[in-house]
Amino acid sequence: MSQLLSPALRLARVRRRVGEIAAWRVRERTPIAGWSFDAALIGLGEAWPDREGVKLFRARRFEVPAGWTLAEARLGLDVGGESLLRIAYDSGRCLTLGLDVNHTEFALDEPGGAIAIEAVAKGPFGAAIEGPRLRRAELVWIEPQLEVLVRTLTLMADFAAEIDGHELVDELLELAEAAMARLAWPTRTLDVVGRVSRYARGYGGRDPADPSIRAEPLSAEARASVAEAAAWLAGELRALQQRFPPQGAVVYAGHAHLDTAWLWPLEETRRKTLRTFATASDLIERHPQFRYAQSFAEYYRQLEDDDPALLETIKAQVAAGAWEPVGGFWVEPDINMPCGESLVRQALYGQLYFERTFGRRHAVAWLPDTFGFSGALPQILAGAGLSGMYTVKIGWSEVDRHPHTRFWWEGIDGSRVLVQQMNHPEDNYNGLVTPKSLLRLWRNVSDKRAQGEALQPIGHGDGGGGPTAAMIAAQAALADFPLLPRTRFGGVGDYFAEARRRAAERELPVWVGELYLEYHRGVLTSQGRTKRAHRQAERALVGAELLASAAHLLGAPAPASLEPLWRTLMINQFHDILPGSGIGLVYKRTEPELAGVAAAAEAAAKAALDEIAARLATSGEDDPGDAGREDPALLVVNPDASPRPLRLCSDTPIAGGQAAEEGFVLAAEEIAAPLSISILRPTPDASVAVEARALENRFLRVELADDGTIARIFDKRFRREALAGRGNQIWAYRDQPREYDAWDIDEDYRRVGEEALASEIGVVEAGGQRGALKVVRRFASSRIVQSVRLWSNSARIDFFTRFDWHDRRVLIKARFPLNVRADQATYECAFGVCRRPTHRNTSWDAARFEVAAHRFADLSEPGYGVALLNDGRYGHEALGSELSLSLLRSPILPDRMADEGVQSFTYALLPHGGDWLAGGVLAEAEDLNRPLYHRPIAGRPRQVPIVSVEGVRTGLGALKPAQDGDGLILRLYEPAGARGPVAVQPPPGWRVAGETNLLEDGAPSRPELGPFEIRSWRLAPH
């Protein structure tokens, strides 16, 4: 028929009429009374007496009224916060479900029972609920056919709104109007005004409801007309689908993106996990077509303690193919800051946990929210059996849109994994089942022919509780719709298997190197205390394992696994913990936990060192030259695959050493051989000279200006200046990102900055084996104290830095203009390095104004270079000939006191000959982060290799006990992009028992180590 109204007005009319019809969804309702709140009585509508912590609501009894149809009965609840609902039926069966803003009505399996609810006064995303109340507690009898019709009509209206201007809009509106015209609808005054809708209540409650009016249910005639209209409408939509066939295809997987900690502490995440898992498990039982995918291993491990019965149910659903544990990692970590061995352990412990718990590993890394990806990751994924990766976040880049949604990602070593990157229509990781979402999802697929199907996780994330029954029903309803992509529920593993099959038939684009996120650059610096504690814990764990393994190689018992400590570290590498984007409560737990990991690892290392000493100690009679000497020798262990200068720090005196500003130090002429144990009597090197404004050794002369900066670094070895201007400029910039405080640094941060100049300079170490000048700076309400230190046996200049910080929204950077020209800088990443331009030629280059590096960044020209080292910072910049390091940020959201107070760390400048590898940068960076292990020993000087490695230069990943208890695992990597032979020779009594992959399965052996390649060998006793 001809239409007088515009499509927009017709659409508004359809929405109103649907809203009026929906008011008849509930046939009858009856309240549930008899509630208690932590054992005290509470009435419906009353406020919580107390809202601190977890609260317990109980209703001793509910009973579905006689005459109701049980399948159409629902339990409706709103207690005022995120909750875990437990229904104890009269039969003894118990049901656990999540209760939140998206999950408020629940189907019942039996007519009677009791209710218990554990609730917190929090909403989604950790927001506190002001004035929480027991708002709703009732049983409702619904009209299921009306629910179906209303859902279909609502989806049609949403679809029409999304395709405004398309010829299909008129068709959809006509069908909706015709369907509603077929209804035999009540008109009796009391029936109409008794229904609660905004149309029957004076536009939003201005006309109060009359409680004396009882809302009558639909008549049998009206109910029959609803069923007939719903069936007719479904048929008409299917007919319309013939004229406007589906465009595209989407695989749905139920999912809940659960942040391990973020705007809530870890304890709340455990409750969120239990609520979400319980809901998803129940949906699987009620909807056979539904499929659910959930990461990560830590969440399932928590369930072992929190609800083992639920875990057993999930195991059965996994075996049936309905529930899919995905991801392979322990948690969803940050990828840019953890060292290579940490990423290996995320995959190793995660995959083996899945195998042990569910009988299978997974093939897909699930990393939707991670803030960019190191180019080292593809090799680690491939070595851990993870041949694919799913992500979302790189679609958030501010300037340059990533050109591909499905592509091969090639890492720094040449390994490739298949990546599915989706720009979700909701701009997050928890999709909805709506026409708008479907259309935008498919529109965002870059190569539709190659991809075939898009993958869309659906569900409400974090505190939202995951998928809903309404989402599942909407998927079924949309199957009849014209034009929209076809949808089905499917498994993530199956989806990627099909993607790999299609990739074999059709060439996909290849992306080489890191996946840089042009966003969230501030997370490389925020919460600096956590970052340094993380670095210390990493290095301590690797060192402790190596020392215990070394003792075992000498005959000590097999070392105990440090996996429990690694698990704590891995949890704190989560992508909102380590990056510094959590609330203050998160770091009140994280910092002590990381310190505890480091302390426990150091204790294990000391015990192993004592064991090594006991096995290598001899009487002085073995060495005639030692006869009559009272001073012991020194046992030194070099846990690194590079030779190291003999440079020690200790809280107690060291034989041959000297007192220092903090503790005692020793710098000697000897070199500690790689992966070796040495017993020696060191020859101290006391060649540092100190003046009021200068430090000098046989390598360098370092001169300070009166403002506290480095006026000059003259490299005596090469007779050249290392600096092109004042070095170690400390700049304070106004740091006010436009949106996400803790996450972001805006590109114009240098527009407003102030250099912090020295107020005091003095000598604190007079020279000898080490000399130091103290520089005090003030900025606003804060104080920065640095000791500029020079060792006798190194060209490394250390800047031991202590902040006493009391200012907000400031970014502190140390800047070094260098007398070096290079169009690329080299940055350490996991198991290698990456190179990035020092220019801003393109928008892609310009967007990398803050980048990640681990222990060093280096700027080198042929024959000479300068490296900037650190022991717990990650944010770097190289622009032209200047290297800079971000030292501190003080955002106000989500932790308004981030980095407040005292913290300390060290960064260093290292002029060197040759490139960074030839110049010893790797060894010096390791020395700064993990000094040589040492202790006194009675014994003759000698050297005992732990493991001999011959051939191309290598870096150490780990020397650790094998997961299966069969010997040790040695992991090495090529650090610089070279290629050459490699041969491993264990000590007498041991043999190489073959190579393994990163999961410690057997792998083929090869005599050559490729560029940036990671290799693992099993060492076993003869």
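Select Arg 809 first. In this predicted model, Arg 809 is partly exposed, with a relative accessible area of 21%. The residue sits in the loop between β36 and β37 (810-817). Check the backbone here: Arg 809 is not a glycine, yet its phi is positive, about 55°. Most residues other than glycine have a negative phi, and most peptide bonds are trans.

Go next to Glu 1000, another non-glycine residue with a positive phi, about 70°. Glu 1000 is in the loop between β52 (990-996) and β53 (1002-1003). Is Glu 1000 buried or exposed? With a relative accessible area of 7%, Glu 1000 is buried, because anything under 20% counts as such.

**Two cis peptide bonds**

Show the backbone of Ser 295 and Phe 296. The peptide bond from Ser 295 to Phe 296 is cis, with omega near 5°. Phe 296 lies in the loop between β12 (292-294) and α8.

Then move to Leu 893 and Pro 894, which are also joined by a cis peptide bond, with omega about 5°. Pro 894 belongs to the loop between β44 (882-889) and β45 (901-913).

**Ser 794 and its surroundings**

Select Ser 794, in the loop between β35 (782-791) and β36 (797-805). Although placed in a loop, Ser 794 is buried, at 2% relative accessible area. Turn on side chains and follow the one from Ser 794: it comes to 2.9 Å from the backbone nitrogen of Arg 796. With neighbours within four places in sequence set aside, the residues in contact with Ser 794 are Arg 647, Asn 697, Phe 699 and Glu 924. Now add Glu 669 and draw a C-alpha to C-alpha distance to Ser 794: the separation is 10 Å in space and 125 residues in sequence.

**Gln 786 in strand β35**

Which strand holds Gln 786? Gln 786 is part of β35. It is buried, with a relative accessible area of 1%. Display the side chains of Arg 777 and Tyr 907 as well. The side chain of Gln 786 makes a polar contact of 3.0 Å with that of Arg 777 and another, of 2.6 Å, with that of Tyr 907. Beyond four places in sequence, Gln 786 is in contact with residues including Asn 728, Ile 730, Leu 773, Lys 774 and Val 775. Phe 799, Phe 800 and Thr 801 are also among its contacts.

**Phe 574**

Select Phe 574, in the loop between α17 (563-571) and α18 (584-616). Its relative accessibility is 0%, so Phe 574 counts as buried. Colour what surrounds Phe 574, leaving out residues up to four places away in sequence: it touches Leu 258, Asp 259, Thr 260, Ala 261, Tyr 299, Val 331, Glu 332, Pro 333, Asp 334 and Pro 579. For a sense of scale, draw a line from Phe 574 to Arg 778: they are 34 Å apart, C-alpha to C-alpha, and 204 residues apart in sequence.

**Where α7 meets α8**

Show helix α7 (residues 266-286) and helix α8 (residues 297-306) as cartoons. At what angle do the axes of α7 and α8 cross? The crossing is at roughly 85°, and the axes come within 10 Å. The two helices are therefore roughly perpendicular. To see the contact, select Leu 266, Thr 269, Arg 270, Thr 273, Leu 274 and Phe 277 on α7. On α8, select Tyr 299, Tyr 300, Arg 301, Gln 302, Leu 303, Asp 305 and Asp 306. Coloured by type, the residues of this contact come out as six nonpolar, three polar and four charged.

**Helices α2 and α14**

Select α2 (residues 144-162). This helix has 19 residues and reaches 27 Å from first C-alpha to last, close to the 27 Å expected. Its buried residues are Leu 146, Leu 149, Val 150, Arg 151, Thr 152, Leu 153, Leu 155, Met 156, Ala 157, Phe 159 and Ala 160. Among the elements that cover these buried residues are α1 (7-22), α3 (168-181), α6 (220-243), α12 (435-443) and α14 (469-478).

Finish on α14. Which residues of α14 are buried? They are Met 471, Ile 472, Ala 474, Gln 475, Ala 477 and Leu 478. The buried residues of α14 pack against α2, α7 and α12, and also against β11 (249-254), β18 (454-458) and β19 (486-489).

Methods
Residues are numbered from 1 along each chain as its sequence is written. This is a predicted model: local features need pLDDT of at least 70, side-chain atom pairs count only at pLDDT 80 or more; totals for chains, interfaces and linings use all residues. Side-chain values use heavy atoms; hydrogens and water are left out. Helices (H or I, at least four residues) and strands (E, at least two) are DSSP runs, numbered from the N terminus. Buried means under 20% relative accessible area, exposed over 50%, partly exposed in between (1.4 Å probe, protein chains only). A polar contact is a pair of N or O atoms within 3.5 Å; within protein, one must be able to donate a hydrogen and the other to accept it, and residues adjacent in sequence count only if both atoms are side-chain atoms. Contact means heavy atoms within 4.5 Å. Axes are lines fitted to C-alpha atoms, for helices over the stretch in contact, and angles run from 0 to 180 degrees between N-to-C directions. Angles under 35 degrees count as roughly parallel, over 145 as roughly antiparallel, 65 to 115 as roughly perpendicular and the rest as oblique. Ala, Val, Leu, Ile, Met, Phe, Trp, Tyr, Cys and Pro count as nonpolar, Asp, Glu, Lys and Arg as charged, and the others, Gly among them, as polar. The expected span of a helix is 1.5 Å times one less than its number of residues.
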